[in-house]
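This report is written for a reader who is meeting the structure for the first time. Please keep the sequence and the model in view while reading.

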Amino acid sequence: MSNCVFPLPLLDVIRSIRDPEKPNTLEELEVVTENCVEVQELGEDEYLIIIKFSPTVPHCSLATLI
């Protein structure tokens, strides 16, 4: 992860997203963690943001929705 200030604010937004099938957030279900957000600076005001997540079950049909 770069030294950019983006990862934690991005995680704050992502962690509060609710699972489409459960009443829990993605953070509560451990679908996303602090290590899931990677920001790479490509140039001035240009970044590549990679968000990795682990579905609650391997065959999750709604993984593409998340």
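## Confidence in the model

This is a predicted model, and among the elements of the protein chain the mean pLDDT is lowest in helix α1, residues 7-15, at 76, while strand β2, residues 46-51, has the highest mean, at 88. Over residues 1-5 the pLDDT is below 50, and beyond near neighbours in sequence this stretch has eight contacts in the model. For the protein chain taken as a whole, the average pLDDT is 77, with 76% of the residues scoring at least 70.

## Overall arrangement

The protein chain contains one helix and two strands, and when it is read along the sequence these elements follow the pattern α-β-β. Of its 66 residues, 20% count as buried. Among the contacts between residues at least 6 apart in sequence, 39% join residues at least 24 apart.

## The nonpolar core

In soluble globular proteins, nonpolar side chains tend to be buried together. Here the largest nonpolar core has eight residues, namely L11, I14, L26, V31, V32, C36, V37 and V39. Helix α1 and strand β1, which spans residues 37-43, each supply at least two residues of this core.

One member of the core, C36, can be followed further through its contacts. Once residues up to four places away in sequence are set aside, C36 touches L11, I50, I51 and K52; of these partners, L11 is itself listed in the core.

## A salt-bridge network around R15

The count of salt bridges in the model comes to two. In one of them R15 pairs with D12, and the closest N and O atoms are 2.7 Å apart. Because R15 and D12 are three residues apart in helix α1, about one helical turn separates them. Both residues are partly exposed, since the relative accessibility of R15 is 24% and the relative accessible area of D12 is 43%.

R15 also takes part in a salt bridge with E27, in which the N to O distance is 3.0 Å. This pair links distant parts of the chain, with R15 in helix α1 and E27 in the loop between α1 and β1, twelve residues apart. E27 counts as partly exposed because its relative accessible area is 37%. Taken together, D12, R15 and E27 are linked in a network of salt bridges.

## A buried charge at D19

D19 is found in the loop between α1 and β1, and this residue is buried yet has no salt bridge. The nearest side chain of opposite charge belongs to K22 and is 5.9 Å away, which is beyond the cut-off, because a salt bridge requires a side-chain nitrogen of Lys or Arg within 4 Å of a carboxyl oxygen of Asp or Glu.

The backbone of K22 is nevertheless placed differently from its side chain in this respect: the backbone nitrogen of K22 lies 3.1 Å from a polar atom of the D19 side chain. Leaving aside neighbours within four places in sequence, D19 is in contact with N24, L26, L29 and T56; among them, L26 belongs to the largest nonpolar core.

## Positive phi angles at E30 and D45

Most residues other than glycine have a negative phi. In E30, however, phi is positive and near 60°, and in D45 phi is likewise positive and near 60°. E30 has its place in the loop between α1 and β1, whereas D45 lies in the loop between β1 and β2. E30 counts as exposed because its relative accessibility is 62%, and D45 is exposed because its relative accessible area is 68%.

## The segment after β2

S54 has its place in the segment after β2, and it counts as partly exposed because its relative accessibility is 46%. Not counting residues up to four places away in sequence, S54 touches E30 and V31. The first of these partners, E30, has the positive phi described above, while V31 is one of the residues of the largest nonpolar core.

Another pairing concerns S54 and T33, which are 21 residues apart along the chain, and the C-alpha atoms of these two residues are separated by 9.3 Å.

Terms used:
Residues are numbered from 1 along each chain as its sequence is written. This is a predicted model: local features need pLDDT of at least 70, side-chain atom pairs count only at pLDDT 80 or more; totals for chains, interfaces and linings use all residues. Side-chain values use heavy atoms; hydrogens and water are left out. pLDDT is the predictor's confidence in each residue, from 0 to 100. Helices (H or I, at least four residues) and strands (E, at least two) are DSSP runs, numbered from the N terminus. Contact means heavy atoms within 4.5 Å. A nonpolar core is a set of buried Ala, Val, Leu, Ile, Met, Phe, Trp, Tyr and Cys residues joined through side-chain atoms within 4.5 Å. Buried means under 20% relative accessible area, exposed over 50%, partly exposed in between (1.4 Å probe, protein chains only). Lys and Arg count as positive and Asp and Glu as negative; His and the chain ends are not counted. A polar contact is a pair of N or O atoms within 3.5 Å; within protein, one must be able to donate a hydrogen and the other to accept it, and residues adjacent in sequence count only if both atoms are side-chain atoms.
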